[in-house]
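Here are some short exercises to help you find your way around a structure that may be new to you. Try each task on the structure first, then follow the solution step by step.

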Amino acid sequence: MKKIVGSVMLLVLFITGGALAQGAPELSPEKKLSTLPVQSGGRLKTLDTLSRETVRLVTGKVEFNDQDPILTLLSWWADPETTKKAEIIEFRDLETKKKLGLDPDKRWYTYEQLVDNKELTAAQEEIHQLFKLEEELDSEQEKLQELLVKVNAVHQIMDGTVLQAVPNPEGLQEDWGSFGDLEHAGTLEVVQPAVKAVKQLREAVKSGDQALFQTSVVATCQELARLGPVPEEQMMAREVRYNEFHPFRKAWILYLCGLLVLSFVRQPSGDSEKPKRSNGYWAGFSLITAGFLLHIYGFVLRCLIAGRPPVTNMYESVIWVAFGAVFFALILELIYSKRYYLIAASAGAVVCLVLADILPTVLDPSIHPLTPVLRSNFWLTIHVLSITLGYAAFLLALGLGHIVLWKCALRPKEAENISSLHDALYRSLQIGVLLLAAGTILGGVSNKYT
């Protein structure tokens, strides 16, 4: 059994270590465009990221019709006439569909259907006036606004303005041009090679000529890079790796496996304060540790890509809280060896990471720049991280509290003999209160420098 446990530990640590040491991926000619830098959402990102975000926004899926999102986005841009007639714009709200006169049984609609819809056009004018008056939208208007955003996104794709991949000679932080701008570049000599390459790329995508596509991909990347400064390819490859590796998904799978192992492990008798650790315990501990290392790997990649700590949106808060809960559990588990810390933390982490994985429209995984107030205030960033770590400790306490209730419900005669679980619950609450208090004080300090 010890050999099996040792093998499991070595295997998961080898897999995790391989992920941590993984270099830039070898890209096939078809995916060479994935590392092409584009300017979008206030930062420079890869075409791979832009394609994933845009296709998900419009269709509700990253891989629409089981096609690579880059090829999906490029096909919409390359052939606007076909795109207008394709059912690609997702909309699900039944009441709003009835108001607009749309087929309620459909999930996707065409650009032409929505642009020619008189009710939607009237609603657009009304919403525009409300924005000018800085008035809030009601729930129905918010649904209509979501649909209008998707329609506008398709329009920007077709005219090439969403593909801001033309570097600015003035610097990386200046406004970049788009593929649409290249079409109206006139006879400006310096951009003619790029214009020709992009035109060739469009023809290749539209015709489906694979040989021409491979040639035009290389030419497009080279000619665009000659127009101005671009980020290092290694930085762009890192973002592609993050998108394809899905570290947080792999982390919750390992957490779940570790949770199941620990839940069915029978602890040998031993000292009540620090019982003997069984082979099954070490197997579960190893799986959760491997998941935690992948969790760290995901955070490191995300922070390197964003150039900031994970404090911007609800998605990052959720995965940060899950990280903190497992972090505290591993420390307490090494001290007290109760296994309940890891069971409680891994259960909470699985719920958090699964929600973050399957609800991209609610928990937006997109990487956004820091708001100006966080960018210029170190103490406010520390305040946010401290507060959310306090929530992580309370998540651990939540799991331990459910374990206590479960034991009391199943074995009421032993309810008085679970003092160790009460102690564990109390310790996690202490950590949470301490971090919450520290975060609140740091919030006051940050206000002084805001």
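**Exercise 1. Decide whether K84 is buried, partly exposed or exposed, then find its salt-bridge partner.**

Solution.
- Step 1: Note that this is a predicted model, and look up the relative accessibility of K84, which is 25%.
- Step 2: Buried means under 20% and exposed means over 50%, so K84 counts as partly exposed.
- Step 3: Look for the partner. The side chain of K84 meets that of E81 in a salt bridge, at 3.7 Å from N to O.
- Step 4: Apply the cut-offs to E81 as well. Its relative accessibility is 47%, so E81 is also partly exposed.
- Step 5: Place the pair. K84 and E81 are three residues apart in helix 4 (residues 80-85), which is about one turn of the helix.

**Exercise 2. Find the salt bridge between R52 and D48 and explain how the two residues are placed in their helix.**

Solution.
- Step 1: Check the distance. The closest N and O atoms of R52 and D48 are 3.0 Å apart, and a salt bridge needs them within 4 Å.
- Step 2: Count along the chain. R52 and D48 are four residues apart in helix 2 (residues 47-59), so about one helical turn separates them.
- Step 3: Ask how much of each residue is accessible. R52 has 17% relative accessibility and therefore counts as buried, while D48 is buried at 0%.

**Exercise 3. Work out which parts of the chain are tied together by D364 and R56.**

Solution.
- Step 1: Identify the contact. The side chains of D364 and R56 form a salt bridge, with 3.7 Å from N to O.
- Step 2: Locate both ends. D364 sits in the loop between helix 16 and helix 17 (372-375), and R56 belongs to helix 2, so the bridge ties together parts 308 residues apart in sequence.
- Step 3: Classify them. D364 is partly exposed at 29%, whereas R56 is buried at 14%.
- Step 4: Widen the view. The whole structure has 16 salt bridges. Some residues form a network of such bridges, with E90, R92, R107 and K150 linked together.

**Exercise 4. Which residues make up the negative surface patch, and which helix holds E142?**

Solution.
- Step 1: Collect the members: E126, E136, D138, E142 and E146.
- Step 2: Pick out E142, which lies in helix 8 (residues 139-158).
- Step 3: Check its exposure. With 42% relative accessibility, E142 is partly exposed.
- Step 4: Turn to a nonpolar surface patch. V351, L355, I358, L359 and V362 form one with about 430 Å² of accessible area together. Among them, V351 lies in helix 16 (residues 340-358).

**Exercise 5. Find which helix gives the most residues to the largest nonpolar core.**

Solution.
- Step 1: Start with the core itself. The largest nonpolar core has 63 residues, and Y255, V326, L353, L396 and L400 have the most contacts inside it.
- Step 2: List helices that supply at least two residues each; they include helix 13 (247-263), helix 14 (279-306), helix 15 (314-336) and helix 18 (378-410).
- Step 3: Compare the contributions. Helix 15 gives the most, with 13 residues.
- Step 4: Look at another residue of helix 15, E316. E316 is buried, at 0% relative accessible area.
- Step 5: Finish with a distance. The C-alpha atoms of E316 and F299 are 9.2 Å apart, and the two residues are 17 apart in sequence.

Definitions and conventions: Residues numbered from 1 in each chain as written. Predicted model: local features only at pLDDT ≥ 70, side-chain atom pairs only at ≥ 80, totals over all residues. Heavy atoms only, no water. Patch = residues over 30% accessible without salt bridge, like charges linked within 9 Å, V, L, I, M, F, W, Y side chains within 5 Å. Areas by Shrake-Rupley, 256 points an atom, 1.4 Å probe, with all protein chains shown as cover. Lys, Arg positive; Asp, Glu negative; His and termini not counted. Charge placed at Lys NZ, Arg CZ, Asp CG, Glu CD. Buried < 20%, exposed > 50% of the residue type's maximum accessible area, 1.4 Å probe, protein only. Core = buried A, V, L, I, M, F, W, Y, C linked by side-chain atoms within 4.5 Å.
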